[in-house]
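The following briefing introduces a structure to a reader who has not met it before. Please view the sequence and the model first; the notes are grouped by topic.

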2 protein chains.
Amino acid sequence: MSTLRDVARLAHVDISTVSRALNNTSYVHPDTKARIYEAVKQLSYQPNLIAQGLRQGRLHLIAVIVPNIHMTIFAEIAQGIEKQARLMDYETLFCDTEDNPAIEKESLERLRSGLVDGIIIAATGYNTRLLLDIQASGIPIIQVVRNFEKSLNSVIADYFSCAYDSIKYLYKKGCRHMGLIVGDLEIEPFQQRYRGYHKALKEYKLSVNVTEHKKNSNAFEEGYIGTNTLLEQDPKLDAIIAEVDTEGMGVIRALKERKLAFPEQIKVISLTGYSIGNMLETSLTSMEMPGDEMGKSAARILIENVEEKDNKKAHIQHIVFNSTLVERETT
Amino acid sequence: MSTLRDVARLAHVDISTVSRALNNTSYVHPDTKARIYEAVKQLSYQPNLIAQGLRQGRLHLIAVIVPNIHMTIFAEIAQGIEKQARLMDYETLFCDTEDNPAIEKESLERLRSGLVDGIIIAATGYNTRLLLDIQASGIPIIQVVRNFEKSLNSVIADYFSCAYDSIKYLYKKGCRHMGLIVGDLEIEPFQQRYRGYHKALKEYKLSVNVTEHKKNSNAFEEGYIGTNTLLEQDPKLDAIIAEVDTEGMGVIRALKERKLAFPEQIKVISLTGYSIGNMLETSLTSMEMPGDEMGKSAARILIENVEEKDNKKAHIQHIVFNSTLVERETT
DNA sequence: CTGAAAGCGCTTACAG
DNA sequence: CTGAAAGCGCTTACAG
């Protein structure tokens, strides 16, 4: 790899002139410029990004921290983030926490050492304090999908409405015994879904049927097990609301094994749809979540924050995306 | 953020001593060490990774470049890579090319500027020259899943055997009219599948029925369309071999719409299985590919190459993983 | 319009 | 056992 010094030597100028010519940071005589470009070409010079990063205190690098990208909405979001980041000339670091707070903590500790300029995270919820510390130290942070902390930026979907609207829709379809599979209710995003569900049921004077799974392990299994639990709690069940498509796939599988016809006997809807829904043998009705857009939006806001850092303190933003109902074969 | 200088000042020593104490790079008097650790703690000092990177010519950062992680085997592989990298104290940069050679090229150009210490890539196949250049410039590269170039390391599955063994298996199950859906046959990994398929059919004296899709767009659709093409070519078809689970999902969907019973009338197998297979309404028989292991293996080899770079020139390695047949409901 | 110098935050020979 | 100095490859005031 050739350096600025090599280029300067070949073009018979000082390295500072080369720097200025390449970055267009002040006027350089056309002839000089030409010589410099010629030298750059000849040596196929490329600036050392690490040196630039050290000097400018910014590596043009953001981190995306997610629980899992295998068959989850986070894959779509991560792709959206990476695409937008590239557009704005940033690279994207990727950390997979397996929804394990210890791994999340370790990753965060490493990242705060000035490696990345900003962080986008779908957190476990157990390192909120650390996140606040990091933000206070000058590294902007955005929560995505899961919002635990009001004083950190966030980009989420409207989980309350997802659930609320789903119940209304299912009611119109004739359902009267609707069960919800949901994660730890102490945690905001899950609670929101429950609230939407609860409110709608209350309006219809219907009774609640919920199964809660504490740890976020495997959505498919949660759907499978959840279905069995819900059916035990209420054998007259005529609809199941899953949190996400893969959970819905577990529901479908459980229903099939119990020989319950869907949608005839029992309907299924997913509250977080992504493109799996219409690839299934029996396609799955869902509230489609704009994962790609959410990722792009998060990246854009983050990078804007990074670049404004010096000028003004950016305001905390909470962006809420609407999901849209896509009717398919399970309802 | 506090620096080495701050710690040195607080501990009343030179910065070089602090560096030595923290990196255990030479003996430091216990008392001095204690003072230094105390200062580190008090200032919650963290070394600046960019400065370290510049000094040592290594940022402890590798890149993983893949075509797509949404519902693909690459998600599993990327996770494996990241996990192994973290274990070895490396961070992972993530680039999504959308299987677009132009995007791939752009990403590669940026990365070669010394940002990353090594690259793991599932390439488009159109930038092989550039990859060789980059490797020649001192950045180790490993091809994963797709091997285009012999003089670059690779970690792949045995596609030939996958296809060959699948045909043998289907034959034993009674199939005599087996169709293959496959990508561009000019490209090595696809060709391998075709060869395995072809060889087995020849041994049984059965006739070939293939549909080739040139561009890699959407596996689900390729499966869907491919199924229709194969059935037109041979209405007596009794088995379809798909390249990957999501393609198999497209096959299933097409069969369902044509009211062809699977596995009774027609069997389906996927040559690249990952955990989707057993989450389906009708679970999909597949040759399971150890994505996680392949990712880990690629990361391990790459990082070893990075760290040996100075000592000796590492030998090119080609690692081939075996897939294992997992029988499910479509056969 | 361009050069010489300082410095980003580290590590690592070189002395002693 | 520890300090002083050089240097990784850049950028950016400061002169002229």
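Two or more residues of the surface near DNA strand C come from each of α2 and α4 of chain A and α2 and α4 of chain B. Here a residue is near a strand if its C-beta atom, placed from the backbone, lies within 6 Å of it, and helices (H or I, at least four residues) and strands (E, at least two) are DSSP runs numbered from the N terminus. This is a predicted model, in which local features need pLDDT of at least 70 and side-chain atom pairs count only at pLDDT 80 or more, while totals for chains, interfaces and linings use all residues. Residues are numbered from 1 along each chain as its sequence is written, and chains are lettered from A and ligands numbered from 1 in the order in which they are written.

**Surfaces near the DNA**

- DNA strand C is surrounded by 26 residues, the closest being Asp14(A), His29(A), Leu4(B), Ser16(B) and Ser19(B).
- The surface near DNA strand C has 9 nonpolar, 13 polar and 4 charged residues; Ala, Val, Leu, Ile, Met, Phe, Trp, Tyr, Cys and Pro count as nonpolar, Asp, Glu, Lys and Arg as charged, and the others, Gly among them, as polar.
- Around DNA strand D there are 26 residues, of which Leu4(A), Ser16(A), Ser19(A), Asp14(B) and His29(B) are the closest.
- For DNA strand D, α2 (15-23) and α4 (49-56) of chain A, with α2 (15-23) and α4 of chain B, give two or more residues to the surface.

**The two protein chains**

- A turn of 180° with a shift of 0.1 Å along the axis lays chain B on chain A with an RMSD of 0.1 Å, superposed by least squares on the C-alpha atoms of residues with pLDDT of at least 70 in both.
- The two copies are thus related as by a two-fold rotation axis.
- Leu93(B) is the residue of chain B that comes closest to the rotation axis, at 2.1 Å (C-alpha).
- In chain B, 41 residues are in contact with 41 residues of chain A, contact meaning that C-beta atoms, placed from the backbone, lie within 7 Å.
- On the side of chain B that touches chain A, at least two residues each come from α4 (49-56), α5 (73-87), β2 (91-96) and α11 (245-257) of chain B.
- The copies meet through the same surface, because 100% of the interface residues of chain B are also interface residues in chain A.

**Domains of chain A**

- Chain A comprises domain 1 (4-47), domain 2 (56-157 + 293-322) and domain 3 (159-288), with bounds from an automatic or database domain assignment.
- Between the C-alpha centres of domain 1 and domain 3 of chain A the distance is 63 Å.

**A sheet in chain B**

- An open sheet of 6 strands has the order β7-β6-β8-β9-β10-β12 (chain B), with mixed pairing; two strands pair if DSSP finds at least two bridges between them.
- At the edges, β7 (209-213) and β12 (324-326) of chain B each have a single partner strand, so one side of each is left without a neighbour in the sheet.
- β6 (residues 178-183) and β8 (residues 239-242) of chain B pair in the parallel sense over 3 bridges, and Leu180(B) stands opposite Ile241(B) in β8(B).

**Backbone details**

- The peptide bond between Phe262(A) and Pro263(A) is cis, with omega about 5°, and Pro263(A) is found in the loop between α11 (245-257) and β9 (267-273) of chain A.
- Asn24(A), a residue other than glycine, has a positive phi near 55°.

Terms used
Two residues are in contact if their C-beta atoms, placed from the backbone, lie within 7 Å.
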